[in-house]
Amino acid sequence: MDAKCALRKQIWEEMEKNNLVPYPLPLTGRIPNFYGSKDAAYKLCSTKEFRCAKTIKIHPSLNAQHLRYLALKFGKMVLTPPLPGHDFLYYLLDPDVISTESYKFAASKKGFNKLGRPCKLSEIPRIDLVVVASVACTRQGARVGKGKGYGEVEYGILREMGLVNEKTPIATIVHDVQIVEENALPSTSLSCHDLPVDIICTPRCVVRTQTRIPKPQGIYWDLISDVMMDDIGALKELKSLKPS
């Protein structure tokens, strides 16, 4: 078991043992839907990066449901990915199109699948803030998700399309116990496709990492499996746009 897998296992076991997640359980293989996720969402909403953003990409996990709602409430366009197997990258939730009373429903998985507009790559607006899911991260900006790499692939597609760049802020919301010491997740353990974070919000604080870890420059096609090509249909669309 490599260091990243061992760290995920440690966090999942610690959070489940200490009853830090109401559901879903067991926690292994999941992004923790931790107690206090609403407070962490409010912390992110207090940042200048959130306030200045017009379009925010937010991951689809349960712990970000309230954040998706708040983004709509504050007039932000929200991009969130569908379940694996679709041929588009994001649903677009537009607060000017969705009725105010439907914002909470739209922020749920069932809701964004019903009220979101599927976007082809050419239809995705430029993104001002990216919110990624995390299992663990460090104050230096290193981060691991649940291990599938889908968030990194999404980001790579956005870089390829020029919809984000090195300066586009990357944020995450986590429980305080998900922030680990640098020696538990050193930058040397990361791969070229791993996505670091600039802002970490917990129920208690906002951490600005000032990370020096470089962000992925695009898609690393040699790391893309056939399963991933099928799960993230936008990869095929992106490939079709590239000269052969």
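**Exercise 1. The loop between H1 and H2**

Determine where Pro-26 lies in this predicted model, and which form the peptide bond from Leu-25 to Pro-26 takes.

*Solution.* Step one is to place the residue: Pro-26 belongs to the loop between H1 and H2. Step two is to read the omega angle, which is near 0° for the bond from Leu-25 to Pro-26, and this bond is cis. Step three is to look at the preceding part of the loop, where Pro-24 is also found, between helix H1 (3-17) and helix H2 (37-45); a cis peptide bond joins Tyr-23 and Pro-24, with omega at about -10°. Step four turns to phi, and here Asn-19, in the loop between H1 and H2, has a value near 55°, which is positive in a residue other than glycine. As a background to these steps, most residues other than glycine have a negative phi, and most peptide bonds are trans. Finally, Asn-19 counts as exposed because its relative accessibility is 58%, the cut-off for exposed being over 50%.

**Exercise 2. A positive phi in another loop**

Find the place of Gln-210 and decide whether Gln-210 is buried or exposed.

*Solution.* Gln-210 sits in the loop between strand E11 (206-208) and helix H8 (226-231). Its phi is positive, at about 50°, although Gln-210 is not a glycine. With a relative accessible area of 64%, Gln-210 is exposed.

**Exercise 3. Following the pairing from E1 to E4**

Work out in which sense E1 and E2 pair, in which sense E2 and E3 pair, and how E3 and E4 run.

*Solution.* Begin with strand E1 (residues 55-58), which pairs with strand E2 (residues 77-80) in the parallel sense over 3 bridges; within this pairing, Thr-55 has Met-77 of E2 as its bridge partner. Continue with E2 and E3, whose pairing is antiparallel, again over 3 bridges, and in which Leu-79 stands opposite Leu-92 in E3. Then pass to strand E4 (residues 117-119), which is joined to E3 by 3 bridges and runs antiparallel to E3; here the bridge partner of Leu-92 is Arg-117 in E4. Leu-92 therefore connects both steps, being opposite Leu-79 and bridged to Arg-117, as strands of a sheet pair through backbone hydrogen bonds.

Next, establish which residues cover the two faces of E1 and of E3.

*Solution.* In a regular strand the side chains alternate between the two faces of the sheet. In E1, Thr-55 and Lys-57 lie on one side and Ile-56 and Ile-58 on the other, and all of them are buried. In strand E3 (residues 90-93), Tyr-90 and Leu-92 take one side and Tyr-91 and Leu-93 the other, and all are likewise buried.

**Exercise 4. The helix H4**

State how many residues of H4 are buried, and identify them.

*Solution.* Helix H4 (residues 65-73) is mostly covered, with 7 of its 9 residues buried. The buried residues are His-66, Leu-67, Arg-68, Tyr-69, Leu-70, Ala-71 and Leu-72. Just after H4, Gly-75 takes a positive phi of about 85°.

**Exercise 5. The open sheet E7-E6-E9**

Identify the edge strands of the sheet E7-E6-E9.

*Solution.* The open sheet has 3 strands in the order E7-E6-E9, with mixed pairing. Strand E7 (143-144) and strand E9 (179-180) each pair on one side only, and are the edge strands. Strand E6 (residues 136-138) pairs with E7 in the antiparallel sense over 2 bridges, and Cys-137 has Arg-143 in E7 as its bridge partner.

**Exercise 6. Charged side chains**

Find which residue forms a salt bridge with Arg-159, and decide whether Arg-159 is buried or exposed.

*Solution.* The side chain of Arg-159 meets that of Glu-166 in a salt bridge, at 3.4 Å from N to O. Arg-159 counts as buried because its relative accessibility is 14%, whereas Glu-166 is partly exposed at 34%. A further salt bridge joins Lys-236 and Asp-230, with the closest N and O atoms 3.1 Å apart; Lys-236 is partly exposed at 44%, and Asp-230 is partly exposed at 47%. Salt bridges that share partners also join Lys-48, Glu-49 and Arg-208 into one network.

Definitions and conventions
Residues numbered from 1 in each chain as written. Predicted model: local features only at pLDDT ≥ 70, side-chain atom pairs only at ≥ 80, totals over all residues. Heavy atoms only, no water. Pairing = 2+ DSSP bridges. Helix = DSSP H or I, 4+ residues; strand = E, 2+ residues; numbered from the N terminus. Salt bridge = Lys/Arg side-chain N within 4 Å of Asp/Glu carboxyl O. Buried < 20%, exposed > 50% of the residue type's maximum accessible area, 1.4 Å probe, protein only.
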